[in-house]
Number of protein chains: 2
Amino acid sequence: MNSFKEIISQEEAEQQCPQSYVMALTDTMNVISGKWKLPIIASLLKGKNRFKDLLENIEKITPRMLSKELKELEMNSIIARKVYDQTPVLIKYELTASGESLADLIDVMIDWGLTHRNNVL
Amino acid sequence: MNSFKEIISQEEAEQQCPQSYVMALTDTMNVISGKWKLPIIASLLKGKNRFKDLLENIEKITPRMLSKELKELEMNSIIARKVYDQTPVLIKYELTASGESLADLIDVMIDWGLTHRNNVL
DNA sequence: ATTAATACTATACAAAAGTATATTAATATT
DNA sequence: AATATTAATATACTTTTGTATAGTATTAAT
């Protein structure tokens with residue numbers, strides 16, 4: 001893929017970058033925005049898979065928010081809800097390939113945050 | 001830097017990643033979250049530097065939101081407001097080094113968005 | 001039969017984010 | 001003197017996001 005800046009300079013005549021890039025960026029923002037999405041994804045990366053584990057692992061989240069966010073993440077194909085038909089029933093939330101790959105984005109975000117802090121101080 | 005997943009496995013005993021990483025991630029989220037921050041940064045990368053240019057370049061943004069967001073981005077050292085004391089006065093918003101470096105994060109986000117769309121379809 | 005655990009949902013509310021519309025202050029143009 | 005341009009700010013409002021608290025359904029344990 002070309003970089004954003006290259007695309008920009010290539011497309012100066014139109015003064016626009018491709019619509020597919022704008023949509024891709026919007027998709028990514030929608031997936032990670034809000035207070036709880038990244039904490040949930042981080043917890044799942046840590047192997048916390050059950051509703052109760054997540055409730056305990058994520059400070060101050062309420063069951064209502066956890067339920068709501070899990071549903072959204074499932075709709076966006078970031079996680080999959082697996083029902084294991086045992087007694088008692090076991091429910092696990094697992095990251096999809098897309099979800100797992102967010103770890104790389106998280107790395108870049110952490111990296112930027114650390115560098116930015118150095119720049120500013 | 002180590003990756004998020006490596007850190008996680010290294011620190012399984014504590015079941016936590018370093019607080020500095022959590023803060024760095026929160027910083028990054030604060031800088032880019034909301035409806036207008038990335039469009040503004042993208043416009044500045046395109047060389048749209050004046051209030052009016054930005055108003056025209058960013059579809060549907062109101063002067064109120066542009067003014068508010070520019071102030072926040074300035075407070076976060078992502079942009080600098082430069083006053084050129086000509087007549088008429090010229091005001092330019094310019095990306096700082098931190099601001100420019102967000103282009104790389106934007107690239108990664110676009111890349112993730114494109115790949116995710118392929119995964120899902 | 002009572003209590004507890006898991007995995008939620010319902011209702012009401014508060015706070016944050018964003019929108020719509022009007023207005024301002026300084027200067028320049030006609 | 002009236003109008004236009006640039007760079008905003010003010011006020012009121014709506015929408016979205018998040019919180020607080022309580023309750024439900026299923027199953028298991030005592």
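Which element gives the most to the surface near DNA strand C? In this predicted model, that element is H5(A), with four residues. H5(A) has company, though: helix H4 (51-57), helix H5 (63-75) and strand S2 (90-95) of chain A, along with helix H5 (63-75) of chain B, each put at least two residues into the surface near the strand. Sorted by class, that surface holds six nonpolar, three polar and seven charged residues.

Looking at single residues, 16 lie around DNA strand C, and the ones that come nearest are Ser67(A), Arg81(A), Tyr93(A), Arg64(B) and Thr87(B). On the DNA side, 66% of the strand C atoms within 4 Å of the protein belong to sugar or phosphate, and the rest belong to bases. A few contacts to phosphate oxygens of DNA strand C can be picked out by name. Arg81(A) places a polar side-chain atom 2.2 Å from one, and Lys71(A) has a polar side-chain atom 2.9 Å from a phosphate oxygen as well. Chain B joins in through Lys35(B), but here a backbone N or O atom sits 2.7 Å from a phosphate oxygen of the strand.

Next comes the way the two protein chains fit together. A turn of 180° with a shift of 0.0 Å along the axis lays chain A on chain B, with an RMSD of 0.1 Å. That is how a two-fold axis relates two copies. Within chain A, the residue closest to the rotation axis is Ser33(A), whose C-alpha is 3.3 Å away. Of the interface residues of chain A, 100% are interface residues in chain B too, so the copies meet through the same surface.

The contact itself draws 46 residues from chain A and 47 residues from chain B. Between them the chains bury about 4300 Å², and 71% of that is on carbon and sulfur atoms. Two salt bridges cross the interface; one of them pairs the side chains of Arg117(A) and Asp27(B), at 2.7 Å from N to O. Counting residue pairs in polar contact, with both residues at pLDDT 80 or more, gives 16 between chain A and chain B.

As for what builds the side of chain A that touches chain B, helix H1 (4-10), helix H2 (19-32), helix H3 (37-45) and helix H6 (97-120) of chain A each supply at least two residues. The largest share is that of H6(A), with 20 residues. By class, this side of chain A divides into 25 nonpolar, 13 polar and eight charged residues.

Terms used. Residues are numbered from 1 along each chain as its sequence is written. Chains are lettered from A and ligands numbered from 1 in the order in which they are written. This is a predicted model: local features need pLDDT of at least 70, side-chain atom pairs count only at pLDDT 80 or more; totals for chains, interfaces and linings use all residues. Side-chain values use heavy atoms; hydrogens and water are left out. Copies are superposed by least squares on the C-alpha atoms of residues with pLDDT of at least 70 in both. Contact means heavy atoms within 4.5 Å. A residue is near a molecule or strand if one of its heavy atoms lies within 4 Å of it. A polar contact is a pair of N or O atoms within 3.5 Å; within protein, one must be able to donate a hydrogen and the other to accept it, and residues adjacent in sequence count only if both atoms are side-chain atoms. Ala, Val, Leu, Ile, Met, Phe, Trp, Tyr, Cys and Pro count as nonpolar, Asp, Glu, Lys and Arg as charged, and the others, Gly among them, as polar. Buried area is the accessible area (1.4 Å probe) that two parts lose on being put together, summed over both. A salt bridge is a side-chain nitrogen of Lys or Arg within 4 Å of a carboxyl oxygen of Asp or Glu.
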